[in-house]
Amino acid sequence: MQHVNRQFSTICSGEWSMKVAFASSDYHHVDQHFGATPRLVVYGVKEDDVTLLRVVDFTVLAGHQTEKIASRISALEDCVTLYCVAIGETVFRQLLQIGVRAVRVPEDTPIVGLLQEIQHYWYDKEQRKNTRHRDPNRFSQLLLESQWQDDDER
């Protein structure tokens with residue numbers, strides 16, 4: 001039985017720093033368990049850009065069929081993160097093996113909010129990285145200050 005009903009991919013030029021997927025029934029909210037989701041919505045994310053890259057629709061079947069889970073995992077192979085309402089421990093570990101981190105979020109979490117959060121974190125990370133650039137001579141300059149005293153000189 002074929003588990004992927006259809007896959008829509010956009011034509012995008014350029015490389016994406018990050019691809020993230022969302023388990024969603026309505027394209028707008030994370031509202032599904034990974035194993036039961038009818039759809040995965042995949043976005044490309046950059047520091048200053050977000051683009052819908054693909055949508056994969058699945059046949060929804062009850063139970064834990066290996067092929068069903070394999071088709072969902074296959075749809076995530078180039079992603080770094082999956083947002084879902086729930087995921088089984090075994091599948092969680094399988095995703096980690098291919099480099100995908102699953103993040104559980106409350107039901108009906110807006111996808112746009114998660115995308116903004118990713119970009120905001122990206123900005124914060126760059127800000128932290130910039131504040132780490134320190135003068136390599138800062139200790140020499142401290143020793144030259146008149147108020148500085150070594151413990152031995154006291």
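**Two cores and two unusual loop residues**

Let me start with one residue, Leu76. Leaving aside residues up to four places away in sequence, Leu76 touches Ala21, Phe34, Leu40, Leu82, Leu95 and Val100. Keep in mind that this is a predicted model.

Now the wider setting. Leu76 belongs to the largest nonpolar core, which has 19 residues. Leu76 is also among the residues with the most contacts inside that core, together with Phe34, Leu40, Leu82, Ile87 and Leu95. Which elements each supply at least two residues of this core? There are strands and helices on the list: β2 (18-23), β4 (39-46), β5 (49-58) and β6 (81-84), then α1 (66-74) and α2 (89-97).

There is a second core, separate from this one, with 14 residues. Phe22, Val45, Ile111 and Trp122 are included in it. As background, nonpolar side chains in soluble globular proteins tend to be buried together.

Next, the backbone. Most residues other than glycine have a negative phi. Two residues here are worth looking up on the screen.

Tyr27 is not a glycine, yet its phi is positive, about 75°. You will find Tyr27 in the loop between β2 and β3 (29-30). Is Tyr27 buried or exposed? Tyr27 is partly exposed, because its relative accessible area is 34%, and partly exposed covers the range between under 20% and over 50%.

Asp108 is the other one. Its phi is about 70°, again positive in a residue that is not a glycine. Asp108 sits in the loop between β7 (101-104) and β8 (109-110). With a relative accessible area of 46%, Asp108 is partly exposed.

That is all from me.

Definitions and conventions. Residues are numbered from 1 along each chain as its sequence is written. This is a predicted model: local features need pLDDT of at least 70, side-chain atom pairs count only at pLDDT 80 or more; totals for chains, interfaces and linings use all residues. Side-chain values use heavy atoms; hydrogens and water are left out. A nonpolar core is a set of buried Ala, Val, Leu, Ile, Met, Phe, Trp, Tyr and Cys residues joined through side-chain atoms within 4.5 Å. Buried means under 20% relative accessible area, exposed over 50%, partly exposed in between (1.4 Å probe, protein chains only). Helices (H or I, at least four residues) and strands (E, at least two) are DSSP runs, numbered from the N terminus. Contact means heavy atoms within 4.5 Å.
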